[in-house]
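Subject: Structure handover

Hello,

Here is the structure you asked for. My notes on it follow below.

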Amino acid sequence: MSEPRLKIALTKGRVETQVLPLLEQAGVDCSLVRHKQRRLIFDSTTQPYEFILAKGPDVTTFLERGAADIGIVGSDILVEHQSTQYELLDLGVGQCQFVLASTAAFDPQAPQRKIIGTKYPLITKRYFDRLGQDVEIIKIEGSVELAPLTGLADAIVDITETGTTIRENHLQIYDYLQPVSTRLVVNRLALKQHQTAIFSLVDQLAAVVNANAEKEVSQL
Ligand SMILES: Nc1ncnc2c1ncn2[C@@H]1O[C@H](COP(=O)(O)OP(=O)(O)OP(=O)(O)O)[C@@H](O)[C@H]1O
Ligand SMILES: O=P(O)(O)OC[C@H]1O[C@H](OP(=O)(O)OP(=O)(O)O)[C@H](O)[C@@H]1O
């Protein structure tokens, strides 16, 4: 029987940049994706993978609907979009944190109902529910840090990696919610149908991730 072709939905942008070297270290030829220009779908005649480049939330949609077998996407997106597929590997890249941030004038203990700006309404609601606080949530698509600076919101829930955006916009962190990293997720039916091929790729990637982590520790 011929080898199955696995459709891999890769989040374009930051995730793509950080994951391509891992795939290459695992022996996957990514040259077509690297020279993509405006193309979004890449089939290879030399290996059993087809790549789809999509926005993170759409990667979860492709996976849920079975239009992709494997998804590579941030855990922020998986939690926010309530993904129900199998998460098989933490790729150890795209590491950042969810934080509550605002200007120095913000009082997290103030009794008034707060307005919170975020790209992640579900994660934000769950956080404030846990605190027992009813807040108004405003969905923002990007440059979230603008919300407390312009009076649109009292504070934001967003992800931060280096802290540069928060610092340069004179905001401060009031709380840490949860860590984020890039994950490899598999469609449930695809895992049943192509178990050997999927586990072979996952094992190769896991070996790369572990080797990179060991190298980082030895350089400390
Ligand atoms: N500052 C960051 N540091 C590390 N990882 C990040 C950071 N911001 C986002 N990520 C991770 O990368 C994923 C995609 O981020 P990216 O910025 O490429 O796309 P985006 O937020 O949709 O932005 P754009 O709308 O500009 O494409 C996020 O879902 C998250 O997992
Ligand atoms: O802590 P830092 O390293 O500064 O990173 C944090 C920034 O990165 C993300 O934004 P992104 O660059 O994806 O742009 P966006 O505002 O368009 O979402 C996030 O929303 C922060 O704004």
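Ligand 1 lies between the two domains of this predicted model, because domain 1 (6-94 + 181-218) and domain 2 (96-179) both give residues to the shell around it. There are 15 residues around ligand 1, and those that come nearest are Gly-13, Arg-14, Gly-74, Cys-96 and Glu-161. Two helices, α1 and α4 (75-80), each supply at least two residues of this shell. Sorted by class, the shell around ligand 1 holds 5 nonpolar, 6 polar and 4 charged residues.

As for the domains themselves, the assignment gives domain 1 as two segments, 6-94 and 181-218, and domain 2 as the segment 96-179. Their C-alpha centres are 29 Å apart. Direct contact between the domains involves 5 residues of domain 1 and 6 residues of domain 2. On the domain 1 side, the touching residues are 1 nonpolar, 2 polar and 2 charged.

The UniProt record, an unreviewed entry, carries the annotation "domain: ATP phosphoribosyltransferase catalytic" over residues 57-206. In the model, that stretch is 35% helix and 30% strand. The C-alpha atoms at the ends of residues 57-206 are 24 Å apart.

Next, helix α9. This helix covers residues 195-218, 24 residues in total. At 1.5 Å a residue it should span 34 Å, and its end C-alpha atoms are 34 Å apart, so the expected and computed values agree. The buried residues of α9 are Ile-198, Leu-201 and Leu-205. An α-helix has 3.6 residues a turn, so residues three or four places apart point the same way. The cover over the buried residues of α9 includes the strands β1 (6-11), β4 (70-74), β5 (86-90) and β11 (182-186). The helices α1 (14-25) and α8 (188-193) are also among the elements that cover them. Helix α1 therefore appears twice in these notes, since it supplies at least two residues to the shell around ligand 1 and is part of the cover over the buried residues of α9.

Last, the chain as a whole. The protein chain has 9 helices and 11 strands. Its C-alpha atoms fill a box of roughly 65 × 40 × 35 Å along the principal axes. Of its 220 residues, 34% are buried. Among contacts with a separation of 6 or more, 70% are between residues 24 or more positions apart.

Regards

Methods. Residues are numbered from 1 along each chain as its sequence is written. Chains are lettered from A and ligands numbered from 1 in the order in which they are written. This is a predicted model: local features need pLDDT of at least 70, side-chain atom pairs count only at pLDDT 80 or more; totals for chains, interfaces and linings use all residues. Domain bounds come from an automatic or database domain assignment. Two residues are in contact if their C-beta atoms, placed from the backbone, lie within 7 Å. Ala, Val, Leu, Ile, Met, Phe, Trp, Tyr, Cys and Pro count as nonpolar, Asp, Glu, Lys and Arg as charged, and the others, Gly among them, as polar. UniProt positions are given in the numbering used here, feature names are shortened, and annotations may be inferred rather than shown by experiment. Helices (H or I, at least four residues) and strands (E, at least two) are DSSP runs, numbered from the N terminus. The expected span of a helix is 1.5 Å times one less than its number of residues. A residue is buried if 20 or more other C-beta atoms lie within 10 Å of its own, exposed if 12 or fewer, and partly exposed in between; C-beta atoms are placed from the backbone. A residue is near a molecule or strand if its C-beta atom, placed from the backbone, lies within 6 Å of it.
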